[in-house]
Amino acid sequence: MRDVAIVIPSLNPTYHLLELLRAVRTEVPEAGIIIVNDGSTPSCDETFHQAESDYNSQVLIHEKNRGKGAALKTAFEYIVKSMPEAEYIVTIDSDGQHQCADMIKCIEASRQHSDTLILGARHFDENVPKRSQFGNVLTRNIFRLTTGEKLSDTQTGLRAMPRSFLEPFLQVDGNRFDYEMNMLMETKNRRWNIHSVPIQTVYIEDNASSNFRVIRDSITIYWVFVKYVLSSVSSFLLDVTAYAVFIRLLANTSLSSIMVSSVLARVISSLFNYFVNRELVFKGRSKHSFFKYFGLVIAQITASGTLVYLFHLVLPFISTVIIKICVDGILFLVSYFIQKNFIFKR
């Protein structure tokens, strides 16, 4: 496998790294191996030296810890510049969670599926540590919500890809664990395929060796979605407040009053929401985004106003403000999917 480059980001590795290298050199002796020392402590120097001398690995060094995403980018850049023979790239963790046999399965799958990102997908059952279960369930459901694609494991570090993916991935945002989620988003944005290969699920000592910081890194991974929620909540509150003011000024609940109030409130809140989403949330300037966005706004206004009126006829004793909150809550998820995938797609 001279055409394969194996990327191993590593922070404070244990003997598991050397065990992995031993297996790799036994099974794929001709593959290139790039290890990124991401700011490990000096006590790990001997391990990295042994990786170079005994297993013919190229060790790249970050003097300070910069994060897993930055380590992957450093390795990708090295491959692009210095390894023209590498046609297939596989990333694998150094903590013993991934088996060499599963890595080879992912490489073979990459050979068979062009323009495809291969994921080594673990099976999450009751034996998996709770923090890993929680993180993966949350991440894969957010990914499904935002892209429409169902994946069983969005956090796996075992991934294989063709060389052509490297330069686009070098432009992807993120330097820590969020980078791997952003890789998936970039793959979907470019209309590349994602294929999952079942692998063994290995957690050593309840995954104690993992460098994943549950709270901080989870916030980082989900930050785009969090920003969207904050933007939407702000716009939603602005919209409801403006609607309440206008319906009070008009002093009746006829269809025309509801529609006029809905239109005026939505114009104010949608202008705010459009610029916040474009500049801060999705950071996407796709062609004609302004017109597409306000086409969506018009459709939402029509749906919102009509549904509020119909529910008010059925439930006249409930304030139309309350009904509007419920109706627009349902439309919220539909709007997010359309904005993410069609309006602000990068």
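A salt bridge here is a side-chain nitrogen of Lys or Arg within 4 Å of a carboxyl oxygen of Asp or Glu. The model is predicted, so local features need pLDDT of at least 70 and side-chain atom pairs count only at pLDDT 80 or more, while totals for chains, interfaces and linings use all residues. Residues are numbered from 1 along each chain as its sequence is written, and side-chain values use heavy atoms, with hydrogens and water left out.

**First stop: Asp 3 and Arg 111**

Select Asp 3 and Arg 111, which form a salt bridge whose closest N and O atoms are 2.8 Å apart. Asp 3 is in the segment before strand 1 and Arg 111 is in helix 4, so this pair ties together parts that are 108 residues apart in sequence. Helices (H or I, at least four residues) and strands (E, at least two) are DSSP runs, numbered from the N terminus. Arg 111 counts as partly exposed, at 31% relative accessibility. The terms for burial are these: buried means under 20% relative accessible area, exposed over 50%, and partly exposed in between (1.4 Å probe, protein chains only).

**The whole chain**

Now show the full chain, which has twelve helices and seven strands. Of its 346 residues, 52% count as buried. Among contacts (heavy atoms within 4.5 Å) between residues at least 6 apart in sequence, 77% join residues at least 24 apart. The accessible surface comes to about 16700 Å², and 59% of it belongs to carbon and sulfur atoms. Accessible areas come from the Shrake-Rupley method with a 1.4 Å probe; for residues, only the protein chains shown count as cover.

**Helix 1**

Select residues 15-27, which make up helix 1. This helix has 13 residues and reaches 19 Å from its first C-alpha to its last, close to the 18 Å expected at 1.5 Å a residue. The expected span is 1.5 Å times one less than the number of residues. Which residues of helix 1 are buried? They are His 16, Leu 17, Leu 18, Leu 20, Leu 21, Val 24 and Arg 25. Add strand 1 (4-10), strand 2 (32-38), helix 2 (45-55) and helix 4 (100-112) to the view, since the buried residues of helix 1 pack against these elements.

**Helix 4 and its cysteine**

Stay with helix 4 and pick Cys 106, which lies in this helix. Cys 106 counts as buried, at 0% relative accessibility. Leaving aside neighbours within four places in sequence, Cys 106 is in contact with Ile 118, Gly 120, Leu 158, Ala 160 and Val 197. Leu 119 is 13 residues from Cys 106 in sequence and 7.2 Å from it in space, C-alpha to C-alpha. Cys 44 is also worth selecting: at 7% relative accessibility, Cys 44 counts as buried. With a disulfide taken as a pair of cysteine sulfur atoms within 2.5 Å, the count is zero disulfides.

**More salt bridges**

The structure holds 14 salt bridges. In helix 4, select Asp 102 and Lys 105, whose side chains meet in a salt bridge (3.8 Å, N to O). Being three residues apart in helix 4, the two are separated by about one helical turn. Asp 102 counts as buried at 5% relative accessibility, whereas Lys 105 is partly exposed, with a relative accessible area of 38%. Next, select Asp 239, Arg 266, Lys 324 and Asp 328, which salt bridges with shared partners join into one network.

Move to helix 3 (residues 68-82), where Glu 77 and Lys 81 are four residues apart and separated by about one helical turn. They form a salt bridge, with the closest N and O atoms 3.0 Å apart. Glu 77 is partly exposed, with a relative accessible area of 38%, and Lys 81 counts as exposed at 63% relative accessibility. An α-helix has 3.6 residues a turn, so residues three or four places apart point the same way.

**A nonpolar patch**

Select Val 263, Val 267, Leu 271, Phe 275, Phe 290 and Phe 291, which form a nonpolar patch on the surface with about 540 Å² of accessible area together. Patches are made of residues with over 30% relative accessible area and no salt bridge; like charges are joined within 9 Å, and nonpolar side chains (Val, Leu, Ile, Met, Phe, Trp, Tyr) within 5 Å. Which helix gives the most to the nonpolar patch? Helix 10 does, with four residues. Helix 10 (255-281) and helix 11 (289-314) each supply at least two. Leu 271 lies in helix 10 and counts as partly exposed, at 36% relative accessibility.

**Last stop: Ser 335**

Finish in helix 12 (residues 320-343) at Ser 335. Ser 335 counts as buried, at 6% relative accessibility. Not counting residues up to four places away in sequence, Ser 335 touches Tyr 228, Leu 296 and Gln 300.
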